[in-house]
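Please read the points below alongside the coordinates. They are set out as a reviewer's note, and each point takes up one topic.

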Amino acid sequence: MLRKHALFAVATALALAIASQGANAAKIKIGFLPGVVDPFYQVMQIGVEAAAKDLGVDVVTQIPPTWGVEAQTPILDSMIARGDLNYLITAPVDKDQMVGPLQAAVDHGIKVITVDTFLGDGDYVNGAVKFPISYIGSDNVEGGRIAARGLAKAIGGKGTVYINSTNPNVSSVEGRAVGFKEVMAKEYPNVKVLGPDFNLDDANKATQQTAAVLERDPNLAGVFGTNVFSAQGAGTAVVNAGLGGHVQVVAYDATLLAIELMNKGLVSLVLAQKPFDMGYMAVQFAAADAAGVTSLPRRVETGFAIIDKDNVKDPAIARFIYKVPGK
Ligand code: T6T
């Protein structure tokens, strides 16, 4: 509750600051560089564009086709080379390897706001990496804890469960696995955790990896897919093995497919993040910073909607399902 109020206070302060910016403030241009093409970042882009329209700022968006430093860095370099961007809103695809390339953006006069994923340990006040204005995103360790409790409940508190994830060194999915394992170790001594396997954000690979685990361990009780493609791929393997409904799946990210699988009884819990809010707020932060606001929080947690069969029809919850018009 406190967090909700804090978020509201931030939003109100921002609105006031931006409103008082006046018509004469210099127009800013923002680069938006998310992690990869997927429904999560597409919804984030809708948030970025909505805020840009509301605040009258320009945004240039470029989305890497695949996940990885090799895909994100050249796009970042070309955004820096344009020479006309004042701010960059980005989701670094590696918490260490993207520090140098993003420091180069700062050296070229571009201020950086990280969304969804952070650099270093994410503590921009006391940590090793301090240059980003802020991290705006989920508390992914907490998200992992929520997923663990949901899965443990679905399997009756005992059995073997398996984590399928994307890549090592990505703050978001790494945090999810940490929180998940922590809760299983502390609260569910009869649950054994396998993985994570890393699918490099490729759903087909996630399917193959999960199929191999199901073959090795026919009594597998549950699977945690730590993001869109991990959950999709792992869920497909469970269905292909004819184990839908027997092996419980918890899906991070509320795609329409995840919700459909939940409605069919294949997925027990879906964790929705707030990508629209991350994008919208990041643009507000850039505008507020440009207006001279000096007290922007260095970290904003945007919260979750925890979706299950009982609440999925509630409009207050269903509004967080990732809906991309035309898709
Ligand atoms: O889960 C999101 C995001 O939070 C993560 O950093 C990468 O994967 C997604 O984009 C979903 O595919």
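1. Which are the buried residues of helix H4 (residues 99-107)? Before the reply, some conventions: this is a predicted model, in which local features need pLDDT of at least 70 and side-chain atom pairs count only at pLDDT 80 or more, while totals for chains, interfaces and linings use all residues. Residues are numbered from 1 along each chain as its sequence is written, and side-chain values use heavy atoms, with hydrogens and water left out.

2. The buried residues of H4 are Pro101, Leu102 and Ala105, where buried means under 20% relative accessible area with a 1.4 Å probe, protein chains only, and where helices (H or I, at least four residues) and strands (E, at least two) are DSSP runs numbered from the N terminus. Because they cover an arc of only 95° around the axis, they lie on the same side of H4; the arc is that of the directions from the helix axis to the C-beta atoms. Their cover includes helix H3 (69-82), strand S3 (87-90) and strand S4 (111-115), and after H4 comes Gly109, whose phi is positive, near 85°.

3. Ala91, placed in the loop between S3 and H4, counts as buried because its relative accessibility is 0%. Not counting residues up to four places away in sequence, Ala91 touches Leu33, Pro34, Gly35, Tyr41, Gln72, Val115, Asp116 and Thr117, contact being heavy atoms within 4.5 Å.

4. The largest nonpolar core (buried Ala, Val, Leu, Ile, Met, Phe, Trp, Tyr and Cys residues joined through side-chain atoms within 4.5 Å) has 82 residues, and those with the most contacts inside it are Ile136, Val270 and Ile307. Helix H10 (residues 275-290) gives the most to this core, with eight residues. A second, separate core of 20 residues includes Ala148, Ala152, Phe180 and Tyr252.

5. Leaving aside neighbours within four places in sequence, the contacts of Ile136 include Ile113, Val115, Met278, Met281, Ala282, Phe285 and Val300, and also Asp116.

6. The residues around the ligand, meaning those with a heavy atom within 4 Å of it, include Asp38, Tyr41, Trp67, Asp116, Ser172, Arg176 and Asp253. Polar side-chain atoms of Asp38 and of Asp253 each lie 2.5 Å from an oxygen atom of the ligand, and one of Ser172 lies 2.6 Å from a ligand oxygen atom. Taken alone, the ligand exposes 300 Å², of which the protein buries 99%, with areas from the Shrake-Rupley method and a 1.4 Å probe.

Notes
Buried means under 20% relative accessible area, exposed over 50%, partly exposed in between (1.4 Å probe, protein chains only). A polar contact is a pair of N or O atoms within 3.5 Å; within protein, one must be able to donate a hydrogen and the other to accept it, and residues adjacent in sequence count only if both atoms are side-chain atoms.
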